[in-house]
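Student: Could you take me slowly through one small part of this model, namely a place where aromatic rings meet? I would like to see how each statement about it is reached.

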Amino acid sequence: MGSYIETEANVKLYVEDVGQGRPVVFLHGWPLNGKMWEYQWNVVPKHGYRCVRIDLRGFGRSDAPLGGYSYNRLADDVRVVAEALGLQDATLVGFSMGGAVAIRYIARHAARRMRGLVLAAAAAPLATKHPGFPVGRPKAYYDAIIRGLEADRPKTTADFNAGVFHKPVSGPFRAWFDGLGLEASAYGAIRGMQAVRDEDLRGDLPLIRVPTTILHGKYDGIVPFKYAELQRQGIPDAELVPFEESGHGLFYEEREKFDRELLKALQAQTPPARRYR
């Protein structure tokens, strides 16, 4: 089920590929990996979809080079994987930082091999406050997280994850979720947070020309709901589905609704009958 795909010299990404049908490519958030999609993988393949999840470089079981953590490079990695797997008419599903990478992929590669986009609590268009963008957090907020990662990564990861869920989750679930963050390399965690802090996707949004569904929690304290509204305004004909009882972790907090809306988006993005692997 799992395999490694080389995306540049001496850099291999871990990829899992299950099911048959039209492809759905899942990109995880910071500092997680593809395992975060466990509850969607219990459902989506049963509905006739081929599900692919990628551990981005520096995260999970993928290689962790010193460099290459810009959104451009991460998007290029996704393109290599899509080409290597021969994907056609896929939907790209991105959560948080993975949503930002998904946006960059669609804009940078003209949606190559992709037919649709689903953004879940996507960290876009811009995380850091600027004179022309007062919505974001101060740069000092992200700098403090980076210093924390350098000094005490387990505590910093746990502190960050404490803000993910609006609803209570069980102790064992939280331990599992925190553990996913610690499977990241130190390089990946730090460089990934630097990318979140510095990247600007405002110019990417109008370049998205595929059907797009935005799923976002009303109580999201990490990527506030205002970001979803900005995405809807910037992406032509995007549909926004609010999650009234969720924070950032809507994929778990309202997982039945999340799965239902995801399947609805996938069905709407399905092309006329075509044979898939």
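**A meeting of aromatic rings**

Tutor: Let us begin with Tyr252, which counts as buried because its relative accessible area is 16%, the term meaning under 20% (over 50% is exposed, and partly exposed lies in between, with a 1.4 Å probe and protein chains only). The model is predicted, so local features need pLDDT of at least 70 and side-chain atom pairs count only at pLDDT 80 or more, while totals for chains, interfaces and linings use all residues. Residues are numbered from 1 along each chain as its sequence is written, and side-chain values use heavy atoms, leaving out hydrogens and water.

There are 22 aromatic pairs, counted when rings of Phe, Tyr or Trp (its six-membered ring) have centres within 6.5 Å, with planes under 30 degrees apart called stacked, over 60 edge-to-face and the rest tilted. One of them joins Phe165 and Phe177, whose ring centres are 5.1 Å apart and whose planes meet at 65°, so this pair is edge-to-face. Phe165 sits in the loop between α5 (153-161) and α6 (171-182), whereas Phe177, 12 residues away, belongs to helix α6, helices being DSSP runs of H or I with at least four residues, numbered from the N terminus.

Phe165 also pairs edge-to-face with Tyr252, at 6.3 Å from centre to centre and with 75° between the planes. This second pair links distant parts of the chain, since Tyr252 lies in helix α9 (residues 250-253), 87 residues from Phe165. Phe165, with a relative accessible area of 8%, is therefore buried, and Phe177 is buried as well.

Key:
Helices (H or I, at least four residues) and strands (E, at least two) are DSSP runs, numbered from the N terminus.
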